[in-house]
Amino acid sequence: SAAGPDEVGEILVSRPHVSPGYWHRPDLDAAAFAPDPDRPGWRRYRSGDLGRIDAAGNLHFLGRRGSRVKIRGHSVDLVEVEAGLSRCAGVREAAVVARSRNPDGEPDLLVAHVVLADDAERTPLELRRDLAARLPHYMLPSAFVFLDAMPLTSTGKTDRRALEALELPPPTRPRSIEPPRDDLERAVASIFEHMLAVSPVGRGDDFFLLGGDSLALAELQTRLRDTCGATLPGLVEDSTVAGIAASIRRSRATAPATRAMPVLLPLRESGSATPLFLVHGRHGPAMVSPKFL
């Protein structure tokens with residue numbers, strides 16, 4: 001079926017003059033070529049490329065199929081993350097690769113490489129917040145690299161091997177640190193420091209951009225509940241020290257009858273498909289759900 005505006009789909013080429021097929025490869029012909037059911041005499045070719053058509057009717061090339069990776073038990077399509085980034089204001093080009101903190105380990109974080117428009121000034125925190133409104137938290141990059149231009153292959157496509165060879169940005173890159181303003185912010189900052197082995201932590205520091213990930217999210221929830229008396233299933237919307245402290249204050253001011261259930265850990269809060277809830281035993285680990293899915 002045809003993809004809607006800004007929906008990612010495979011690019012099909014439909015013309016009356018399309019290649020007759022692969023040389024002596026009927027199996028590839030059957031997979032890639034077919035008659036166009038809407039235009040007699042025309043043929044379709046499945047390009048294997050992914051793209052989206054924006055509201056103005058412009059076609060955006062997003063990369064090849066087969067870009068799905070496993071990150072901490074989640075299946076993530078890198079093209080979907082790149083499509084989300086490309087819709088963020090000020091982003092001219094974006095490419096996402098899966099990397100591992102351990103050279104010999106499995107990929108455990110997403111690194112976004114971004115080329116900004118000439119007059120754009122965006123920070124990793126701003127981009128991550130923009131993406132959090134479009135993508136579930138497990139698809140959000142843990143690191144951002146800003147480039148003047150994307151490395152290209154000899155055929156003019158993004159050179160992902162060159163991106164994978166770049167040095168990983170440290171989570172504690174030089175940054176301005178605004179100290180916590182009150183006891184609650186100091187308590188949250190202290191939790192960050194103990195969990196992520198980073199010090200000092202300021203009120204504007206983001207849990208995920210300091211090195212936290214979706215697996216650590218459950219532990220963070222537990223520590224916030226034990227230390228501050230609040231469970232915040234929606235904290236990924238603003239996962240800075242100041243943002244979490246503000247959410248705790250709102251949670252404390254909410255009547256118990258309307259307060260969100262602390263046992264819920266949402267993985268995706270929007271969409272048109274049938275909702276799916278996974279219920280664990282009293283002592284079962286909630287983060288089994290993504291791996292199970």
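A residue counts as buried when its relative accessible area is under 20%, and as exposed when that value is over 50%, with partly exposed in between. Keep that cut-off in mind as we walk through this predicted model, since it settles how we describe two residues along the way.

Let's start with the whole chain. It has 293 residues, and 39% of them count as buried. The chain is built with 8 helices and 9 strands. What about contacts across the sequence? If you take the contacts with a separation of 6 or more, 57% of them come from residues 24 or more positions apart. On the outside, the chain exposes about 17300 Å², and carbon and sulfur atoms supply 53% of that area.

Now zoom in on Arg122. You'll find Arg122 in the loop between strand E8 (109-116) and helix H3 (124-132). Is Arg122 buried or exposed? Its relative accessibility is 18%, so Arg122 counts as buried, because the cut-off for that label is under 20%. Look at what its side chain is doing there. One polar contact joins the side chain of Arg122 to the side chain of Asp130, at 2.6 Å. The Arg122 side chain also reaches the backbone oxygen of Ala89, at 2.5 Å. Leaving aside residues up to four places away in sequence, Arg122 touches Cys88, Ala89, Leu116, Leu127, Asp130 and Phe146.

Leu127 takes us into helix H3, where it is buried along with Leu125, Arg128 and Leu131. Looking down the axis of H3, you'd see these buried residues fall within an arc of 165 degrees, so they line one face of the helix. Some background helps here: an α-helix has 3.6 residues a turn, so residues three or four places apart point the same way. And what do the buried residues of H3 pack against? Their partners are helix H2 (78-86) and three strands: E7 (91-99), E8 and E9 (143-146).

For our last stop, move to Trp42, in the loop between strand E2 (33-35) and strand E3 (43-53). Trp42 has a relative accessible area of 25%, so it is partly exposed. Again not counting residues up to four places away in sequence, Trp42 touches Ser14, Arg15, Pro16, Pro35 and Asp36. How far apart are Trp42 and Val18 in sequence and in space? They are 24 residues apart along the sequence, and their C-alpha atoms are 8.1 Å apart.

Key. Residues are numbered from 1 along each chain as its sequence is written. This is a predicted model: local features need pLDDT of at least 70, side-chain atom pairs count only at pLDDT 80 or more; totals for chains, interfaces and linings use all residues. Side-chain values use heavy atoms; hydrogens and water are left out. Helices (H or I, at least four residues) and strands (E, at least two) are DSSP runs, numbered from the N terminus. Buried means under 20% relative accessible area, exposed over 50%, partly exposed in between (1.4 Å probe, protein chains only). Contact means heavy atoms within 4.5 Å. A polar contact is a pair of N or O atoms within 3.5 Å; within protein, one must be able to donate a hydrogen and the other to accept it, and residues adjacent in sequence count only if both atoms are side-chain atoms. Accessible areas come from the Shrake-Rupley method with a 1.4 Å probe; for residues, only the protein chains shown count as cover. The arc is that of the directions from the helix axis to the C-beta atoms.
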